[in-house]
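Student: Got a minute to walk through a model with me? I'd like to start with the basics and then poke at some details.

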Amino acid sequence: MKICSQCGAQIPDGEVFCPECGKEVQLVPDYETMGSRMQQEEERRKAEEEQKRLRRQEEERLAEEERQRKKKRTLRSLLILAAAVAAAIVVIFFVRAWQEQQNYNSFDYQLSRAESAYSNNDYDSALEYVTRALALNGEDLDARMLLAQIYEKNGDQEKAIAEFLAIVEENPDYEPAYGQLIRIYEEQGLTDQIKALLDNCESTDVLEYYSDYICAEPSVSPAGGSYDTVQRLTITAAEGTVIYYTLDGSDPDTSARRYTSPVQLPEGHTTVKAVAVNERGISSDIVQAEYTITLAVPSAPSVTPASGSYTSETTSEITVEVPEGYTAYYAFDQRPDKTSTRYTGPVPMMEGEHIFYVVLENQDGQLGRVASRTYIYEEIPEPTPTPTSRPTSTPTPTSRPTSKPTVTAEPTPTPTNSPEPTPTAEPTPEPTDSPDNGSDTQE
């Protein structure tokens, strides 16, 4: 093999031109010189560097092509991934939209979210969810109870009470609604509303469950009616209750008179109303009874002597017949009452002309008809004995009869020579029912 002197490439045998640089091959035999070797080395070095440069370029080209291919593959992968993600997002969106649509139309889901929001004190969200739940099933009691409780938590007591009342009206046996209403009423001191709620309840189970809130009405004795004797009203009620009553027909409350002991009913017509209030401040129904008391008036007492004129020589005392169990009161010249002098025995007549009045009081404290007598009374002094010539002698009882008759209990006194009695102070005296003479009066 020959070496090209120009480029140092090998020249196959028989070739006259260098296949690399195209220079004509020297046919003169080579001989080495120091200069040529150095030149050859330099040329070889340059050729090697050029080859290296070319290889680097080729490697860089190939590397760039590989980078471009990788970049394209990466971009393609990213595009595929982006498309997949977009597709997934679309799928998720539609799935979620479908799921939300399903949840929006699911009563259980809406109620569950409402309960969760309520437990977290998020009452606005709870109201939104429970409203949707009720739109799906408006008859569910749990949802309706939750709605009323949300109203209460939001401070809308009227709406809460209205919803609980609606539940009770439509479901008379649903005890939880009664419990919520009673709690609200009790917190607000609305005891009348508690009574009205339970009065309208027809469920025996509910009434038994809340029996502590029910106050039984009191009973009165004697029963209403007409009586001719004094009656004492007794009112009884369950233990632990307080009784209030009125006698004028007005409805009693806690401002009325409190019953502590039997009450004497007045004469005439009386309308009694009574109510009991238990320890929770809840009233019973009002009981009413009508009474008509017509007391028998005691008759006028019997008085002796009869109206007339009397002296100390005839009769000087007035006697009144007082039946057992009665009390008599008397006075002169004025009508007696319970503050007048009480009769305890015969009363001395007053000198001059006077009217004696007397009245009886029965065991019921009732004053009767007044009896009156008009008396003209004269006190006659005792006669003085006349002195005789024989002072030692004593007159015998028969030597000088006395003109003073013996006083007896007979009803008709011995009249004296005094003038006839003048008319009594009463212009038209009535005759008595006693056997006394017609000049006596009773009122």
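Tutor: Sure, with one term up front: buried means under 20% relative accessible area, exposed over 50%, and partly exposed in between, using a 1.4 Å probe and protein chains only. This is a predicted model, so local features need pLDDT of at least 70 and side-chain atom pairs count only at pLDDT 80 or more, while totals for chains, interfaces and linings use all residues. Residues are numbered from 1 along each chain as its sequence is written, and side-chain values use heavy atoms, with hydrogens and water left out.

Student: OK, what share of the residues in the protein chain is buried?

Tutor: Buried residues account for 31% of the 443 in the protein chain. The chain exposes about 28,600 Å², and carbon and sulfur atoms supply 51% of that; accessible areas come from the Shrake-Rupley method with a 1.4 Å probe, and for residues only the protein chains shown count as cover.

Student: And how many helices and strands?

Tutor: The protein chain has 8 helices and 19 strands. Those are DSSP runs numbered from the N terminus: helices are H or I with at least four residues, strands are E with at least two.

Student: Which strands make up the open sheet with E13?

Tutor: That sheet has 3 strands in the order E11-E13-E16, with antiparallel pairing. Its edge strands are E11 (302-304) and E16 (347-348), each pairing on one side only. Two strands pair if DSSP finds at least two bridges between them. E11 and E13 (residues 317-321) are joined by 3 bridges.

Student: Where does Thr 304 fit in?

Tutor: Thr 304 lies in strand E11, and its bridge partner in E13 is Thr 319. The C-alpha atoms of Thr 304 and Thr 319 are 5.2 Å apart, though the two are 15 residues apart along the chain.

Student: Why does Thr 304 count as partly exposed?

Tutor: Because its relative accessibility is 25%.

Student: Switching to E14: how many of its residues are buried?

Tutor: In strand E14 (residues 327-332), 6 of 6 are buried. Both faces are covered, with Thr 327, Tyr 329 and Ala 331 on one side and Ala 328, Tyr 330 and Phe 332 on the other. In a regular strand the side chains alternate between the two faces of the sheet.

Student: Which strands is E14 joined to?

Tutor: E14 runs antiparallel to E17 (residues 352-361), with 6 bridges, and Thr 327 has Glu 361 as its partner there. E14 is also joined to E15 (residues 341-342) by 2 bridges, again antiparallel; here Tyr 329 is partnered with Arg 342.

Student: How many aromatic pairs are there?

Tutor: The structure holds 10. Rings of Phe, Tyr and Trp (its six-membered ring) pair if their centres lie within 6.5 Å; planes under 30 degrees apart count as stacked, over 60 as edge-to-face and the rest as tilted. Tyr 330 and Tyr 343 are one edge-to-face pair, 6.4 Å centre to centre with 80° between the planes. That pair links distant parts of the chain, with Tyr 330 in strand E14 and Tyr 343 in the loop between E15 and E16, 13 residues apart.

Student: Is Tyr 343 buried or exposed?

Tutor: Tyr 343 is buried, because its relative accessible area is 11%; Tyr 330 also counts as buried, at 16%. Tyr 330, Phe 332, Tyr 343 and Phe 356 form one aromatic cluster.
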